[in-house]
Amino acid sequence: MRWLVTGGRGMFGTDLVQLLAERGEEVVAVGSAECDVRSLEAVRATLQGFDVVVNAAAWTAVDDAETHEPEAFAINAVGARNVALVAAETDTRMVHISTDYVFDGTATEPYEPDHPQDPRSAYGRSKAAGEWAIRATNPDALIVRTAWLYGEHGPNFVKTMLRLAGERETLKVVDDQIGQPTWTKDLAAYVVELVDGKNPGGYYHGTAAGTTSWHGFAQEIFRLAGLEPSRVEACTSAEFPRPAPRPAYSVLGQVGSDRRPEWSASLKELLESTI
Ligand SMILES: NC(=O)c1ccc[n+]([C@@H]2O[C@H](COP(=O)([O-])OP(=O)(O)OC[C@H]3O[C@@H](n4cnc5c(N)ncnc54)[C@H](OP(=O)(O)O)[C@@H]3O)[C@@H](O)[C@H]2O)c1
């Protein structure tokens with residue numbers, strides 16, 4: 001099959017492209033310089049002759065989106081719609097990557113894929129609008145929500161913790177936000193599995209199994225890196241106010257969750273292969 005990955009040089013896109021190449025698939029990765037998804041003409045010029053397009057292009061700066069909401073919408077909503085429209089025109093299967101931020105983050109049990117959206121931040125609103133725009137233009141598209149991504153390529157929480165470990169004796173990390181740390185490589189495998197399985201269009205949740213807090217995640221990073229976990233102290237979100245509100249509970253329910261890798265097992269695998 002021929003795959004196109006828009007936003008293909010980001011943290012997730014890079015792992016997806018690598019996995020597809022390893023499987024012997026034909027894959028083309030484009031960044032914003034080659035295919036700016038805000039431009040319908042650019043998407044039409046690029047998305048020709050592919051079987052699958054994965055839209056990993058996004059405005060991902062959550063806090064900056066609060067003061068740049070139109071710019072975030074241009075990429076996350078209009079850009080997603082452009083890819084969906086051209087995918088429908090060219091009979092190309094579309095996979096779109098979305099986020100836990102489309103939910104309100106106040107639940108106490110996992111959000112199922114059909115749970116109503118209720119975003120609380122500009123980033124969340126822009127991603128929710130992208131989901132709706134896709135459903136309206138290309139109902140066959142697979143919309144895969146994920147959360148708490150980390151990986152080998154690009155800045156992320158794991159790299160930040162390891163850097164801070166070298167700079168400070170102790171650090172404080174919030175323990176009142178619960179989620180599922182998800183390795184980009186596992187998400188890539190899930191996307192390929194969904195396409196291979198010819199699953200129907202709609203919402204899917206692509207996060208790891210198990211849950212933890214950012215504090216628990218940080219302590220596990222320290223432990224696996226051979227550092228003393230107690231150097232990571234717990235604090236509350238109120239101690240670290242951010243421009244965009246963070247969901248307190250970001251656990252996504254999954255169909256077939258028994259087959260999803262446990263977050264700590266994937267973290268171990270990444271750290272063993274990169275440290
Ligand atoms: N990171 C997380 O924790 C997280 C959590 C939940 C969901 N997600 C979602 O997962 C997806 C992948 O995230 P990621 O962390 O891999 O993001 P990332 O590393 O920031 O990559 C996003 C890519 O989007 C591209 N892009 C930005 N503006 C564009 C435009 N106008 N046209 C085309 N491409 C554009 C960028 O490419 P250039 O560098 O070429 O500009 C960048 O490489 C996104 O949809 C994000 O919303 C991420």
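## Helices, strands and a loop

Helices (H or I, at least four residues) and strands (E, at least two) are DSSP runs, and they are numbered from the N terminus. With those labels in hand, we can explore this structure, which is a predicted model.

A good place to try the labels is Lys 198, which is found in the loop between helix H7 (184-196) and E10. The phi angle of Lys 198 is positive, about 50°, although this residue is not a glycine. What is the usual sign of phi for residues other than glycine? Most of them have a negative phi. Lys 198 has a relative accessibility of 70%, so it counts as exposed, given that exposed means over 50%.

Asp 91 is another case to look up: its phi is near 55°, again a positive value in a residue other than glycine. You will find Asp 91 in the loop between H4 and E4. Its relative accessible area is 70%, and therefore Asp 91 is exposed.

## Strands side by side

Now turn to the strands. Strand E1 (residues 2-6) and E3 pair in the parallel sense over 4 bridges, and Val 5 has Val 54 in E3 as its bridge partner. On to the next pairing: E3 and E4 run parallel, joined by 4 bridges. Here Val 53 is partnered by Met 94 in E4.

Strand E4 (residues 93-99) is also joined to E5 by 5 bridges, and these two strands run parallel. The bridge partner of Val 95 in E5 is Leu 142. How does the chain cross from E4 to E5? It passes through helix H5 (residues 122-137), making a β-α-β crossover that is right-handed. E5 pairs in the parallel sense with strand E10 (residues 202-205) as well, over 4 bridges, and there Leu 142 stands opposite Gly 202.

## Two covered strands

In a regular strand, the side chains alternate between the two faces of the sheet. You can follow this in strand E5 (residues 142-146), where 5 of the 5 residues are buried. Leu 142, Val 144 and Thr 146 point one way, while Ile 143 and Arg 145 point the other way.

Strand E3 (residues 52-55) is covered on both faces. Val 52 and Val 54 lie on one side, Val 53 and Asn 55 lie on the other, and all are buried.

A helix offers a buried residue too: Ala 77 lies in helix H4 (residues 69-89). Its relative accessible area is 7%, so Ala 77 is buried, the cut-off being under 20%.

## Aromatic rings in company

A pair of aromatic rings is described by the distance of the centres and the angle of the planes. In this model the count comes to 9 aromatic pairs. One of them is formed by Tyr 150 and Phe 217, a tilted pair with 5.6 Å from centre to centre and 55° between the planes. This pair links distant parts of the chain: Tyr 150 is in strand E6 (residues 149-150) and Phe 217 is in helix H8 (residues 214-224), 67 residues apart. Tyr 150 and Phe 217 are both buried.

Phe 217 also pairs with Trp 263, and this time the arrangement is edge-to-face, at 5.8 Å centre to centre with 85° between the planes. Again distant parts of the chain are linked, with Trp 263 in helix H9 (residues 263-274), 46 residues from Phe 217. Why does Trp 263 count as buried? Its relative accessibility is 7%, so it meets that label. For Phe 217 the relative accessible area is 0%. Trp 148, Tyr 150, Phe 157, Trp 214, Phe 217 and Trp 263 form one aromatic cluster.

Rings can have charged company as well. The charged end of Arg 135 sits over the ring of Tyr 203, 5.1 Å from its centre. Arg 145 lies over the face of Tyr 203 too, at 4.1 Å from the ring centre.

## Around the ligand

The last stop is the ligand, which has 25 residues around it; Met 11, Phe 12, Ser 32, Tyr 123 and Lys 127 come nearest. A polar side-chain atom of Ser 32 lies 2.6 Å from an oxygen atom of the ligand. The side chain of Tyr 123 has an N or O atom 2.7 Å from a ligand oxygen atom. With Val 37 it is a backbone N or O atom that lies 3.0 Å from a nitrogen atom of the ligand.

Definitions and conventions: Residues numbered from 1 in each chain as written. Predicted model: local features only at pLDDT ≥ 70, side-chain atom pairs only at ≥ 80, totals over all residues. Heavy atoms only, no water. Phe/Tyr/Trp six-rings, centres within 6.5 Å; stacked < 30°, edge-to-face > 60°. Buried < 20%, exposed > 50% of the residue type's maximum accessible area, 1.4 Å probe, protein only. Lys NZ or Arg CZ within 6 Å of the ring centre and 35° of its normal. Pairing = 2+ DSSP bridges. Right-handed = clockwise from strand over helix to strand, strands pointing away. Near = heavy atom within 4 Å. Polar contact = N/O pair within 3.5 Å; in protein donor to acceptor, adjacent residues only side chain to side chain.
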